[in-house]
Amino acid sequence: MHTILLCGGSGQRLWPLSGSIRSKMFLQLLPAPGGGTESMIGRVCRQLRQAGLDESLLLVAHQEQVALIQRYTGSKYPIIGEPCKRGTFTAAALGALHLLAAGKAQPEDIICIAPADMFADDDFFRQFHQFEAILADSEAELLLLGTSPSYPSEQYGYIVPVQEDAGGYARVLSFAEKPDASTALELMRKQALWNCGVFASQLSFLLEHLERLGLPVEFAALTGQYPGLPVRSFDNEVAERSTKAVVVRHEGEWSDLGSWDTLTARLPSQVIGVGGLWGECGDSHLINELEVPLHVIGVSGIVAIAGPEGILIADKKDANTIKDILAENSVTEPRYGETGWGSYTVIGRESDGSQLVLTVMLTLLPGHDLPEMTCEHCAKSWMIVSGHGEVWVDGCAAEAAAGGIYTIARGQRHTVSAWSAMKLIEVQIIEAEDNQRRQDC
């Protein structure tokens with residue numbers, strides 16, 4: 001069996017720490033087994049490895065996040081990049097066609113598709129080993145993994161099974177996607193399960209759906225059509241159309257960590273970062289990525305989250321509204337981002353109409369290089385704040401240490417190699433006409 005791990009969603013409900021540049025998968029907040037913390041993607045890959053499923057693991061992510069995933073997974077697993085985000089069905093199909101084109105899988109092989117943004121116990125992943133036998137025994141075309149709801153959630157999809165039989169699985173009767181509270185309660189009475197977003201089938205089953213949609217069944221051809229494809233979800237295109245689906249019940253721990261309410265329930269502490277909770281602050285959580293202190297006094301049941309992108313103070317039950325607010329007030333220029341080489345934070349953006357001055361703090365990981373580049377639309381200066389490394393400008397190298405200042409003219413090739421962890425301030429000076437050309441690129 002081959003496992004395709006989908007590393008897609010931006011996680012806007014976890015703003016301001018998660019967004020289009022830094023996905024929720026990379027938030028280093030979950031408690032790690034040996035102490036410290038780990039990310040969602042790191043935790044899931046660790047559990048797949050412990051379950052003996054990592055040798056056939058393929059990760060699918062947006063192409064801009066491939067280097068970042070390699071950083072968080074230690075470059076241990078193959079990753080393919082989507083040209084753009086087109087939903088879980090399209091991402092799963094791209095992964096399956098890659099395995100087929102590379103000769104790693106055949107049409108009769110079992111493909112398991114799973115999301116990277118979930119929190120589950122180790123037994124959850126051990127159940128994957130049963131999928132191939134259950135598909136053969138049940139003669140089903142699709143297998144799903146579900147878990148018993150602990151409350152009538154309006155954020156999860158539901159699977160309604162018929163009476164479970166002796167094979168450890170049940171036929172799927174119907175699906176319900178994110179029902180209201182009263183409908184969710186009725187679904188629970190019918191023994192419905194939360195849909196964990198895990199699917200298994202023969203690869204040929206996915207090929208049939210691609211053909212039904214008039215899409216190519218070759219990896220290169222599908223990649224070429226990607227930008228023009230609509231967003232399609234696996235639930236809508238495959239699961240809900242299947243007439244021969246079965247569901248396996250997971251009795252242990254599972255949640256998708258898609259909201260501040262579910263994520264904070266898994267955190268090792270109520271306070272992470274500079275600041276504190278004071279007085280009666282039952283079930284409140286504070287996460288602060290800024291260097292200025294954040295204090296909450298005498299308020300229960302809230303999240304107080306601060307990061308370079310902004311600050312969120314919300315009642316936990318209402319915090320998901322931030323996704324709607326962001327949709328109505330979209331910010332085109334992110335202030336923070338992570339990359340394979342480190343991270344960047346925009347600390348100033350000043351414009352007088354004729355000129356834009358952009359000030360950015362760059363943080364480089366030890367042993368990493370800033371990608372070599374030529375800036376045609378701006379001149380820039382670098383000031384080394386901390387660390388030790390080497391600066392290259394037009395082929396000339398200079399050792400770099402704290403206090404060093406380097407000027408780069410437009411058109412000069414330049415890069416930085418970090419021998420130790422480095423921080424440097426970059427000041428870009430962009431003329432108005434160049435800024436317009438830069439935005440149009």
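**Group meeting: a walk through the model**

Let's start in strand β16, where L286 is the bridge partner of V271. One thing to keep in mind as we go: this is a predicted model.

So, what is around that bridge? V271 belongs to the β14 side of the pairing: strand β14, residues 271-273, and β16 run in the parallel sense over three bridges. β16 also pairs with strand β18, residues 302-307, again in the parallel sense, this time over four bridges. One contact to look for there is H285, whose bridge partner in β18 is V303.

Which way do the side chains of β16 point? H285 and I287 go one way from the strand, while L286 and N288 go the other way. And are they buried or exposed? All of them are buried, on both sides of β16.

Okay, on to the helices. Take α2, residues 66-73, where the buried residues are V66, L68, I69, Y72 and T73. Looking down the axis of α2, those buried residues fall within an arc of 160°, so they line one face of the helix. As a reminder, an α-helix has 3.6 residues a turn, so residues three or four places apart point the same way. What does that buried face of α2 pack against? The list is β1 (2-7), α1 (40-50), β4 (57-62), β5 (79-82) and β20 (336-338). Then, just after α2, you reach G74, which takes a positive phi of about 70°.

Now compare that with α7, residues 203-212. This helix is mostly covered, with seven of its ten residues buried. If you want to click on them, they are L203, S204, F205, L206, L207, H209 and L210. The buried residues of α7 pack against two other helices, α3 (87-101) and α9 (234-237), and against the strands β6 (110-115), β8 (142-147) and β11 (193-202). α7 is followed by a glycine too: G214 has a positive phi, near 75°.

Next topic, charges. Side chains of opposite charge can pair when their charged atoms come close. How many salt bridges does the structure hold? There are 15, and I'll show you a few.

First up is R22 with E289, where the closest N and O atoms are 2.9 Å apart. This pair links distant parts of the chain: R22 sits in the loop between β1 and β2 (30-31), E289 sits in the loop between β16 and β17 (294-297), and they are 267 residues apart. R22 counts as buried, at 6% relative accessibility, whereas E289 is partly exposed, with a relative accessible area of 37%.

Next, D117 and K24. Their closest N and O atoms are also 2.9 Å apart. D117 lies in the loop between β6 and β7 (119-120) and K24 in the loop between β1 and β2, so the pair ties together parts that are 93 residues apart in sequence. Why does D117 count as buried? Because its relative accessibility is 17%, and buried means under 20%. K24 is buried as well, with a relative accessible area of 6%.

Let's stay with D117 for a second. What does D117 touch, leaving aside its neighbours within four places in sequence? The contacts are K24, M40 and D256. You can also measure across to S39 on your own screen: the C-alpha atoms of D117 and S39 are separated by 9.6 Å, with their positions 78 residues apart along the chain.

The last pair I'll show is E253 and R266, whose side chains meet in a salt bridge at 2.2 Å, N to O. E253 is in the loop between β12 (245-250) and β13 (254-255), and R266 is in the loop between α10 (260-264) and β14, 13 residues apart. E253 counts as partly exposed at 32% relative accessibility, and R266 is partly exposed too, at 21%.

There is also a network of salt bridges, linking R212, R232, E237 and R241. R212 is in the residue range of α7, and E237 is in that of α9.

Finally, have a look at the surface. Which residues make the nonpolar patch of about 260 Å²? They are M383, V385 and I405. I405 is located in strand β27, residues 405-408. I405 is exposed, with a relative accessible area of 59%.

That's my tour, thanks for listening.

Notes
Residues are numbered from 1 along each chain as its sequence is written. This is a predicted model: local features need pLDDT of at least 70, side-chain atom pairs count only at pLDDT 80 or more; totals for chains, interfaces and linings use all residues. Side-chain values use heavy atoms; hydrogens and water are left out. Buried means under 20% relative accessible area, exposed over 50%, partly exposed in between (1.4 Å probe, protein chains only). The arc is that of the directions from the helix axis to the C-beta atoms. Contact means heavy atoms within 4.5 Å. Patches are made of residues with over 30% relative accessible area and no salt bridge: like charges are joined within 9 Å, nonpolar side chains (Val, Leu, Ile, Met, Phe, Trp, Tyr) within 5 Å. Accessible areas come from the Shrake-Rupley method with a 1.4 Å probe; for residues, only the protein chains shown count as cover. A salt bridge is a side-chain nitrogen of Lys or Arg within 4 Å of a carboxyl oxygen of Asp or Glu. Two strands pair if DSSP finds at least two bridges between them.
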